[in-house]
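User: Please take a close look at one part of this structure for me. I would like to see how it fits in with everything around it.

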Amino acid sequence: MVGSAHGGESNRLLITGAAGNMGRLLRPLLRHDDRILRLGDIVEIDDAQPGDEVVNVDVRDPEAVAKACQDVDAVLHLGGLSTEASFDDVLQVNVVGTHNVLRAVVDAGVPKVILASSNHAAGFYRRGDVPEGSDGLPDELPARPDTFYGWSKASIEALGALYHHRFGVDITVLRIGTCFAEPADTRALATWLAPSDAARLVEACLAFPDNGFRVVWAVSDNTRRWWTLAGARALGYESSDDAERFAADRIARFGEPELTDPVHDMVGGAFVSTPLGELMS
Ligand SMILES: NC(=O)c1ccc[n+]([C@@H]2O[C@H](COP(=O)([O-])OP(=O)(O)OC[C@H]3O[C@@H](n4cnc5c(N)ncnc54)[C@H](O)[C@@H]3O)[C@@H](O)[C@H]2O)c1
């Protein structure tokens, strides 16, 4: 058994948004004998495993969030809207929701948080912004959101900074690329975060002794990657996957990527031109 911040004998990790795509992919990879997973979501979680704790929580509800954060050693905050939506919705769910999580973390004495940000917080950078001789766009770039969704992620990054510098919570912000079981298209050949690598990065964040506050790209070491892995590697992350193994199939299906097309040239891809506030089709 491992000691924990709340004095118990095991470590408890709260995963918000645990019913979602990443929650489902990550849970089996993050479940260990010496760790209790507390699974939080606004929708029902129908596939919890023995030993998991399930909490029904709407992150907009501060009392429910406070309860979910009791006796927790770390929070992986995935819950919220994961694509473009109305300004009011992303404000309430993503920004106010994350504020509720961070407030509850401070009140409950939770020492460590991982925030799921997005490439869309920095969607208006392009390939030409990669510094010469570097391995990709730097971590910690000032926000250039591409949508209300991206703006909400930039806002939660800033909230993370506030809660770290005010209250000393260790907060790692992940600017996630494209985290699905497989890269669906040719853009994702560059931006894919393999689920196994996502778990490796989360484990690295959890194990790192002093994260402070940092914003890092979260991608696999894809052959076509153009976002740096320096920040993630500094946490001890080593990617073990590369979307290139899907390249022949995706190129056969979708054609060779045209790198001047915004889908491939811009960090945010198609999001940079989607109508604001409208769901992506
Ligand atoms: N998957 C990716 O490629 C990707 C890329 C960049 C960023 N992200 C971010 O990572 C996180 C997880 O992504 P995902 O692909 O699993 O998204 P998802 O949409 O599949 O899952 C999000 C989960 O949050 C839950 N949720 C929504 N509103 C909530 C609320 N008010 N209270 C509590 N829970 C609520 C949903 O029910 C859902 O289960 C999201 O924050 C997303 O913005 C994901």
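Analyst:

**The sheet and its surroundings**

In this predicted model, five of the six residues of strand 7 are buried, so strand 7 is largely enclosed by the rest of the structure. Strand 7 runs parallel to strand 6, and six bridges join the two. One facing pair is Ile176 and Ala218, the latter in strand 7.

Now step back to the whole sheet. The sheet is open and has seven strands. Their order is 3-2-1-4-5-6-7, and the pairing is parallel. Strand 3 (53–56) and strand 7 (213–218) are the edge strands, each pairing on one side only. From one strand to the next, the twist averages 20 degrees.

Helix 6 (residues 195–207) packs on this sheet. The strands touched by helix 6 are strand 4 (74–77), strand 5 (112–118), strand 6 (170–176) and strand 7. The direction of helix 6 makes about 145 degrees with that of strand 5.

Next, strand 5. Seven of its seven residues are buried, so strand 5 is largely enclosed by the rest of the structure. In a regular strand, side chains alternate between the two faces of the sheet. Both faces of strand 5 are covered. On one side, Lys112, Ile114, Ala116 and Ser118 are buried. On the other side, Val113, Leu115 and Ser117 are buried. Strand 5 also pairs with strand 4, in the parallel sense, over four bridges. There, His77 stands opposite Leu115 of strand 5.

Elsewhere in the sheet, strand 1 (residues 11–16) and strand 2 (residues 35–41) run parallel, joined by six bridges. Asn11 stands opposite Arg35 in strand 2.

What about the nonpolar residues? In soluble globular proteins, nonpolar side chains tend to be buried together. Here the largest nonpolar core has 75 residues. Those with the most contacts inside this core are Cys69, Val75, Val105, Val113, Leu174, Ala198 and Ala218. Helix 4 (residues 148–167) gives the largest share of the core, seven residues. Take Cys69 as an example. Leaving aside neighbours within four places in sequence, Cys69 is in contact with Leu14, Val75, Ala104, Val105, Ala108 and Val110.

Now the ligand. It is surrounded by 26 residues, and the closest are Gly17, Gly20, Met22, Gly79 and Ser82. Helix 1 (21–30), helix 3 (87–108) and strand 5 are the elements that give two or more residues to this shell. Helix 1 gives the most, with three residues. The shell divides into 12 nonpolar residues, 11 polar and three charged.

Finally, look towards the end of the numbering. Helix 8 (residues 247–254) is hardly covered: among its eight residues, the count of buried ones is zero. Gly255 follows helix 8, and the phi of Gly255 is positive, near 90 degrees. Met266 is found in the segment after helix 9 (262–265). Met266 counts as buried because it has 23 C-beta neighbours inside 10 Å, and the cut-off for buried is 20 or more. Not counting residues up to four places away in sequence, Met266 touches Gly123, Phe124, Arg126 and Val272. Between Met266 and Asp221 there are 19 Å in space, C-alpha to C-alpha, and the two are 45 residues apart in sequence.

Note on methods:
Residues are numbered from 1 along each chain as its sequence is written. This is a predicted model: local features need pLDDT of at least 70, side-chain atom pairs count only at pLDDT 80 or more; totals for chains, interfaces and linings use all residues. Two strands pair if DSSP finds at least two bridges between them. Axes are lines fitted to C-alpha atoms, for helices over the stretch in contact, and angles run from 0 to 180 degrees between N-to-C directions. Two residues are in contact if their C-beta atoms, placed from the backbone, lie within 7 Å. A residue is near a molecule or strand if its C-beta atom, placed from the backbone, lies within 6 Å of it. Ala, Val, Leu, Ile, Met, Phe, Trp, Tyr, Cys and Pro count as nonpolar, Asp, Glu, Lys and Arg as charged, and the others, Gly among them, as polar. A nonpolar core is a set of buried Ala, Val, Leu, Ile, Met, Phe, Trp, Tyr and Cys residues joined through C-beta atoms within 7 Å. A residue is buried if 20 or more other C-beta atoms lie within 10 Å of its own, exposed if 12 or fewer, and partly exposed in between; C-beta atoms are placed from the backbone.
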